[in-house]
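Please examine the model shown below, beginning with its open spaces and then turning to its helices and its surface.

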Amino acid sequence: MQDEAAAVSFLERLNAVRMKLLRRELDYGLLIVPALLFYVLFSVYPFLSMFYYSVTDYSVSKMTNLSFVGFKNYLSIFHNDLLIAGFQNSIIYAVLMTVFQTAFGLVLAVFLDRKLLTRNVLRSVFFLPAVFSPLIIGFLWNYLMSTSDFGLINQGLQGLGLAKINFLGDADLALYSVVFTQLWQWTGWAMVIFLANLQSIPKDLYEAADIDGASKWNQFWKVTLPLMQPSVNVVAVTAMIGGLKVFDIILALTDGGPGNATQTIMTAYIKTSFNEGFYSKGAASGVVFFFVVMVITVVMMRVLGKWGERIK
């Protein structure tokens, strides 16, 4: 009888705990509902609408009584020079930004983590461009890189007896000039992320490495870099996604020119959808771009995850 009573008491306590956990989950669920509704309304619904329009003949000349056209709009992407150039330039831009922003930010963080008298001032100087809007940065560099009489960089080149360089008007240089301006703006942001990670690394590890006779270079590769994996993940993934979605700096500096040399998928999407009025083709390019970004992000996360497992 005592065993039965103990078992009943245990089951009652277990049920009480389960009910308490269930009520807690319901409370948390109610708190999440507003955010979930916001996400569905402003993310899921627009995407589903975009997919719907991508398989119709929706355009500025036909906004009602839409007809189903299948994957015709998707196939047209491969015959649209503007969209093809946008995809290619976006990927080149994103890869360059990811690699160099991560590398330069890491180098800056390591040097400015030293005990320098001016390190706080230098940190502020390098981070300051990230505070400004990309449009402001675009107008600034448009002024600096201009080939006109007020272009400071070309004035300096002429002062040295060199010829002017058409940074933004040369199809072979324009995209890389834009990348340079964005590295100048966002490397300081990456530096701050890396600095936060660097300062969390125990100094005992470096002292132990010194005792073992490890050089500063070996300490960086064997101690610093492995422990920087979390911040490298953050910077690399955000740089890649931000690079693929770039729009505002392109608009401010080149508006996609010269020709299609600096068109990105976002500028091509805007021009196809709103300037030319082919809404369905723009929607199709948006759907394709969504899956491209998703695939690249998943691949990056897997690669970075395997790197993290290997260094552990």
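In this predicted model, the largest pocket holds about 700 Å³ of space. Its lining is made up of 20 residues, and those nearest the centre of the pocket are Val110, Asp113, Arg114, Tyr206 and Lys216. Three helices, H3 (81-112), H8 (203-211) and H9, each supply at least two residues of this lining. The largest share is that of H9, which provides six residues.

Helix H9 itself covers residues 216-227. Does its length agree or disagree with the span expected of a helix? With twelve residues at 1.5 Å a residue, H9 should span 16 Å, and the C-alpha atoms at its ends lie 15 Å apart, so the two values agree. Within H9, the buried residues include Gln219, Phe220 and Val223, and Thr224 and Leu225 are buried as well.

Helix H3, another contributor to the pocket lining, also contains Val99. This residue has a relative accessible area of 48% and is therefore partly exposed, since the exposed class requires over 50%. Val99 and Met240 are separated by 141 residues in sequence, yet their C-alpha atoms are 8.9 Å apart in space.

The surface offers a further feature, in the form of a nonpolar patch built from Tyr28, Leu31, Ile32, Leu36, Tyr39 and Val40. Together these residues present about 640 Å² of accessible area. One of them, Leu31, belongs to helix H1, which runs over residues 2-54. The relative accessible area of Leu31 is 65%, so this residue counts as exposed.

Technical notes
Residues numbered from 1 in each chain as written. Predicted model: local features only at pLDDT ≥ 70, side-chain atom pairs only at ≥ 80, totals over all residues. Heavy atoms only, no water. Helix = DSSP H or I, 4+ residues; strand = E, 2+ residues; numbered from the N terminus. Expected span 1.5 Å × (residues − 1). Buried < 20%, exposed > 50% of the residue type's maximum accessible area, 1.4 Å probe, protein only. Patch = residues over 30% accessible without salt bridge, like charges linked within 9 Å, V, L, I, M, F, W, Y side chains within 5 Å. Areas by Shrake-Rupley, 256 points an atom, 1.4 Å probe, with all protein chains shown as cover. Salt bridge = Lys/Arg side-chain N within 4 Å of Asp/Glu carboxyl O. 1 Å grid on protein atoms, 1.4 Å probe; cavity = no way out; pocket = protein on both sides within 12 Å on 5 of 7 lines; lining within 4 Å. Points joined across faces, edges and corners; volume = space filled by probe spheres on them.
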